[in-house]
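Visitor: Please take one part of this model and look at it closely with me, going slowly from a single pair of residues outwards to whatever surrounds that pair. I am in my first year, so please explain each term when it comes up.

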Amino acid sequence: MSALPVEDRGLPRLFAGLPRDGSPLGLDAHHAVHGPQPSAAHLIELVRESGLRGRGGGGFPAGQKLAVVASARRRPVVVANGAEGEPVSFKDKALLRRAPHLVLDGIALAAAAVGAREAFLAVDRKAQDALDAVSYALDERRARRVDRGLRLQLVVVPSGFVSGEETALVNLLNGGPGKPTFTPPRPFERGVRGAPTLVQNVETLAHLALIGRLGPEWFRALGTESEPGSALFTVSGAVARPGVYEAALGTPMRALLAQAGGVRGEPGAVLVGGYFGSWVEPFTALGLSLLDSELAAAGAALGAGAVVVLPQVACGLDQAARVARYLADESAGQCGPCVNGLAALAGALESLAGGAGDTRPQALRWLQQVRGRGACRHPDGAIRFVESSIEVFADEVELHLKGRCSGRRGEFMPTPRKRP
Amino acid sequence: MSRVVRVNPVACDASGLCAELLPERISLDDWGYPIVDATPLTPELQQHAQRAVDACPTMALLLAKKQAAAARAT
């Protein structure tokens, strides 16, 4: 059943055998490194035993989702979510660009396991390298008739923070505007053309492709009992080599940052979990491990694995205000509490950053009011970010209220312009 | 069977009628959008809730069974 021995517990897993020149792993090389596509016969059970959780930020148990969709009365559809809209996450793009066949294997396996004959792979319109690699990989597979019995379609998704939200993807595939929809029904109940739909992040599917080959024990050889396996992390900001790194869950944050060449200069704060995540004081952050169970004590969570080191020279409050405005602008514009609340909260942070008075009382009121009131989780994620900004940059707020600032302004955190 | 009030936030247009007709469960935020208290409706409130549902000009207010735990897979 396996090309790699089970006792091979090392990393890389998803990035194993990649060509040094940065090109994608072709089909022959993919088979040489990982072995042939396994049978999907007991896949759901294997994935359940592996403890694999969704790597798109939601963290839902992958095996449970497969089982629910497989037990539906109608023939299901599979959607692989590679529409990574988060500006500080590029692990899905990197995976699609470097190891497209692992993701495609995962799609084919998941489809076979739940009884689907149709699958879609959604990729961000701006991720040209990933689109090219996937298109080429699909051609290779068609020429060799690898995925017989499966109609697999590449779908180009408009860029945008909420485009990758699962109901937004289903909406787009149904000919709609690609914005989140009110639930229920959730996609696993009624999704693409009304069929029960398995929406799974591309990294999750890549892990699934390896679990199908090497089994749950192999998967659990890394990570902890409750948070098993490895994950891809996007490390950016003030590190020597920003990029995508594979690490076991439970790896010390310090070791992940060391993989990225180490922190450059003095860190001011570390953003864990991307723009829906939380700021952590650098001293605390460096002492943590990459586990939700440990990060929770610092008010943080791994999310989709994006870690940003903010240098001390940057004013955290100014950066927080810029990101909050970006998140407000990225609202799909459908739900009143999200449209009004996030704009108001961004304004409150901007006032604080500009030293225009203490807007914290209003901000706290709005945080309470807006929470949980969108059709999707966009407002909740943005609120977590704003709340943590006010907490972690409390000293900076006091300085600004006195007309001072400990750092400087600038574009340290990327806030891409709204889609043209 | 106990029911709760739910708002479809995509459809809601902040008419505010629901908060007038069912103040026991619905208040308005700073922009006039309803904040719903998901406490199950008592028998006395059922009729008022139904009236609020019928009055909503965008049909954004609904009565739902108490949130099924399974419906949260993401």
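**A sheet and its surroundings**

Guide: Let us begin with A:A269, whose bridge partner in β9(A) is A:L310. The model is a predicted one, in which local features need pLDDT of at least 70 and side-chain atom pairs count only at pLDDT 80 or more, while totals for chains, interfaces and linings use all residues. Residues are numbered from 1 along each chain as its sequence is written, and chains are lettered from A, with ligands numbered from 1, in the order in which they are written. Names such as β9 follow DSSP runs numbered from the N terminus, where helices are H or I with at least four residues and strands are E with at least two.

Around this pair, strand β7 (residues 267–272) of chain A and strand β9 (residues 306–311) of chain A run antiparallel and are joined by 5 bridges; two strands are said to pair if DSSP finds at least two bridges between them. Both strands belong to an open sheet of 5 strands with mixed pairing, in the order β6-β5-β9-β7-β8 (chain A). At the edges stand β6 (243–248) and β8 (278–280) of chain A, each with a single partner strand, so one side of each is left without a neighbour in the sheet. On average, and with direction ignored, neighbouring strands of this sheet are turned by 30 degrees against each other. On the sheet packs helix α15 (residues 378–392) of chain A, which touches β7 and β8 of chain A and whose direction makes about 25 degrees with that of β8(A). Axes here are lines fitted to C-alpha atoms, for helices over the stretch in contact, and angles run from 0 to 180 degrees between N-to-C directions; two residues are in contact if their C-beta atoms, placed from the backbone, lie within 7 Å.

The helix α15(A) also packs with helix α14 (residues 360–370) of chain A, at an angle of about 150 degrees and with the axes 10 Å apart. The two helices, α14(A) and α15(A), are therefore roughly antiparallel to each other, since angles under 35 degrees count as roughly parallel, over 145 as roughly antiparallel, 65 to 115 as roughly perpendicular and the rest as oblique. In this arrangement A:R360, A:A363, A:L367 and A:V370 of α14(A) meet A:P379, A:I383, A:V386, A:E387 and A:I390 of α15(A). The contact of α14(A) with α15(A) has 7 nonpolar, no polar and 2 charged residues; Ala, Val, Leu, Ile, Met, Phe, Trp, Tyr, Cys and Pro count as nonpolar, Asp, Glu, Lys and Arg as charged, and the others, Gly among them, as polar.

Now for the wider setting: chain A is divided into domain 1 (27–220), domain 2 (230–311) and domain 3 (316–401), with bounds that come from an automatic or database domain assignment. Taken over C-alpha atoms, the centres of domain 2 of chain A and domain 3 of chain A are separated by 22 Å, and 10 residues of domain 2 of chain A are in contact with 10 residues of domain 3 of chain A. On the side of domain 2 of chain A that touches domain 3 of chain A, the elements that give two or more residues are β7 and β8 of chain A. The residues of that side of domain 2 of chain A divide into 5 nonpolar, 4 polar and 1 charged.
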